[in-house]
Amino acid sequence: MRCLPRFARTRLLFNPGLLLVLALNLSPSSFASAYNAHPKLVVIVVIDQFRGDYLERYREQFGDGGFRLFLDHGAYFSDCNYNYANTHTAPGHATLVSGAYANGHGIVANALTGKFSPSHSATCVKFSYPMAWLDQEAFAAAHVKERDAETAVGEAMKQVGLRDYYTKTQLAEAAVPDTALGHKYLNSYSPEAGWYVIGVPQPYTIGSAKSTDHATPYTYDAHVPLAFYGLPFQPGTYRGQVEPVHLAATLASLLGINAPTHAVGRVLTEALAPPHYEENSGGSRK
Ligand SMILES: [Zn+2]
């Protein structure tokens, strides 16, 4: 076998991002096995709004290198889907590095919670499509309980066109339908964000007429490309269902470290290459 490259590369792609991971081993003479040599540096690059079907849809238009490097020589997962509902940027990025969804990492939206000024108490609900934040102090001062306040706001959201809603109180009680969509909303729950309501958007709607967005549980937002390139991976196209939570577990395994405590993903063993051995090494791994 030829000398092993000095570095192993890994890459991932997402809708709330395209993710590029460079796993570098900077001292090639010191490692006994490229497979066992833990990367000393991992670089992750995420590009926003890269939809799951783009790689195959535009495959023939890509030149050498770049995306084709990963499609033709990397481990590409064609069916990677977020398993939560509010596919905003911040929860997605938190998922990549924590291996958890909002109910594990606590980040339910791009804002950590609604911010309300005491001098503007009339504005006690803020809408950030498809969520609403409630000023809990204002409602509590009016002796309105969280459950009632959130339900009233949710009903108002339906009046203005949202398909349905889940209140924070409801999610805390796991009171959702036992369906794939219901479980996506359960995974979107965080107890850390004050009082809030998560609206269920109508399919193919966005909150602003002026730009693109991603915030729904539907496949055009939840389906994201995932691809790796480098020595630890077995090149190929993998069409089984996977989730972005698998990234943290996979990288932790390759790095030889514990996965984050709340990580729920698994190691993508189907895409890992067998250990590398070097010829004339007397059986020692190289
Ligand atoms: Zn984004």
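Begin by selecting the zinc ion in this predicted model: its protein donors are Asp48 (OD), Asp48 (OD), Thr89 (OG1) and His214 (NE2), at 1.9 to 2.4 Å from the ion. Display the angles among the four donor atoms next; they run from 55 to 156°, and the site is irregular. Along the sequence, the donor residues follow the spacing D-x40-T-x124-H.

Now select aspartate 48 and histidine 214 together, a pair that links distant parts of the chain, 166 residues apart. Aspartate 48 sits in the loop between strand E3 (41–46) and helix H1 (54–57). Histidine 214 is found in the loop between strand E8 (195–200) and helix H9 (219–222).

With a surface shown, turn to the accessibility of these two donors. Aspartate 48 has a relative accessible area of 34% and is therefore partly exposed. Histidine 214, at 4% relative accessibility, is buried, because the limit for that class is under 20%.

Move on to the open sheet of three strands, whose order is E9-E4-E10 and whose pairing is mixed. At its edges stand strand E9 (223–228) and strand E10 (236–238). Each of these has a single partner strand, so one side of each lacks a neighbour in the sheet. Viewed along the sheet, neighbouring strands are turned by 20° against each other on average, direction ignored.

Finally, select strand E4 (residues 75–81) together with E9: the two pair in the antiparallel sense over five bridges. To inspect one position of this pairing, centre on cysteine 80, whose bridge partner in E9 is valine 224.

Conventions. Residues numbered from 1 in each chain as written. Predicted model: local features only at pLDDT ≥ 70, side-chain atom pairs only at ≥ 80, totals over all residues. Heavy atoms only, no water. Donors = N, O, S within 2.8 Å, 3.2 Å for Na, K, Ca; no water. Tetrahedral: all angles 85-135°; square planar, octahedral: opposite > 155°, others 65-115°. Helix = DSSP H or I, 4+ residues; strand = E, 2+ residues; numbered from the N terminus. Buried < 20%, exposed > 50% of the residue type's maximum accessible area, 1.4 Å probe, protein only. Pairing = 2+ DSSP bridges. Axes fitted to C-alpha atoms, helices over the stretch in contact; angles between N-to-C directions.
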